[in-house]
Amino acid sequence: METCSRKGIFISIEGPDGSGKSTQIENMKAFFSEKKIDVLFTREPGGTAIGERIREIILDKSCTEMDYMTEAMLYAASRAQHVAQVIKPALAEGKVIVCDRFVDSSIAYQGYGRKLGDAVRIINNYAVDGCMPDVTFLLKVDPNVGKGRITGRAEKEDRLDAEKTAFHEDVYQGYLQLEQEHPERIVGIDASGSIEEIKAEICRKLEEVLNGVTE
Ligand code: TYD
């Protein structure tokens, strides 16, 4: 497998639905803009024209008949395009990339949530093609608390948000498992705290990453 030649820094942010990811992404934008560092913010599923079209299909609430393996492959297809078209070239140019969800989402949601297990890791090895994040922020919040935060946003709820509590609990267990497996990459953050506390923790870690410090 080809590895990812890189001068840049690849950061991803993960968490269950309602973990406050969007707010922290806004805070990260402010952090980098204060430092006048040009950052490419992108997301999955999506991040390319093809990926955004795949996103529409995957998240469409009317696609009730979607098979779980189809779902896993569509996320991986969107990722393969994103890595090839956007992430690898940007890293080779030395850019900083912040990606809203990446492969850990597939392992948590499709691997643990849908119970597809190792098939998801295998498919995604092809999609990621050796290009893993340097750092992944995992916003940890009990899925029931997270669900409470997104209640009232029903009109925005997508096909996965609408899943039952047990599914979201399995997803969360998947994330906790990933955090244990990859302590060198995944920075778990207690997302039940205040927005300011979470922001401070993320900024501290970003400073370390920019200074090339690894723990
Ligand atoms: P999005 O609107 O981006 O939700 P959020 O704001 O929670 O990130 O929708 C993405 C949904 O897709 C979210 O429920 C998580 C899910 N997902 C997967 O199941 N697998 C994946 O590989 C990715 C990237 C996302």
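R101 sits in the loop that links β3 (96–100) to α4. This is a predicted model. R101 is not a glycine, yet its phi is positive, at about 75 degrees. R101 also belongs to the group of residues that come nearest to the ligand.

**Ligand surroundings**

How many residues surround the ligand, and which come nearest? There are 15 residues around the ligand, and K21, Y75, R101, S106 and Q110 come nearest. Three side chains place an N or O atom by a ligand oxygen, as tabulated here.

| Residue | Distance from a side-chain N or O atom to a ligand oxygen atom |
|---|---|
| S106 | 2.6 Å |
| R79 | 2.9 Å |
| D158 | 3.4 Å |

The ligand taken alone exposes 540 Å². The protein buries 88% of that area.

**The α3–α4 pair**

Helix α3 spans residues 68–92, and helix α4 spans residues 103–113. Their axes come within 11 Å and cross at roughly 180 degrees. An angle over 145 degrees counts as roughly antiparallel, so α3 is roughly antiparallel to α4.

Which residues meet between the two helices? From α3 come E71, A72, Y75 and R79. From α4 come V103, S106 and Q110. By class, this contact has three nonpolar, two polar and two charged residues.

Some of these residues also appear at the ligand. Y75 of α3 is in the contact with α4 and is one of the residues that come nearest to the ligand. S106 and Q110 of α4 are in the helix contact and are likewise among the nearest to the ligand. R79 meets α4 as part of α3, and a polar atom of its side chain lies 2.9 Å from a ligand oxygen.

**A cis peptide**

Where is the cis peptide bond? It joins E44 and P45, with omega about -10 degrees. P45 lies in the loop between β2 (39–43) and α2 (49–59).

Terms used
Residues numbered from 1 in each chain as written. Predicted model: local features only at pLDDT ≥ 70, side-chain atom pairs only at ≥ 80, totals over all residues. Heavy atoms only, no water. Axes fitted to C-alpha atoms, helices over the stretch in contact; angles between N-to-C directions. Helix = DSSP H or I, 4+ residues; strand = E, 2+ residues; numbered from the N terminus. Parallel < 35°, antiparallel > 145°, perpendicular 65-115°, else oblique. Contact = heavy atoms within 4.5 Å. Nonpolar A, V, L, I, M, F, W, Y, C, P; charged D, E, K, R; others polar. Near = heavy atom within 4 Å. Polar contact = N/O pair within 3.5 Å; in protein donor to acceptor, adjacent residues only side chain to side chain. Areas by Shrake-Rupley, 256 points an atom, 1.4 Å probe, with all protein chains shown as cover.
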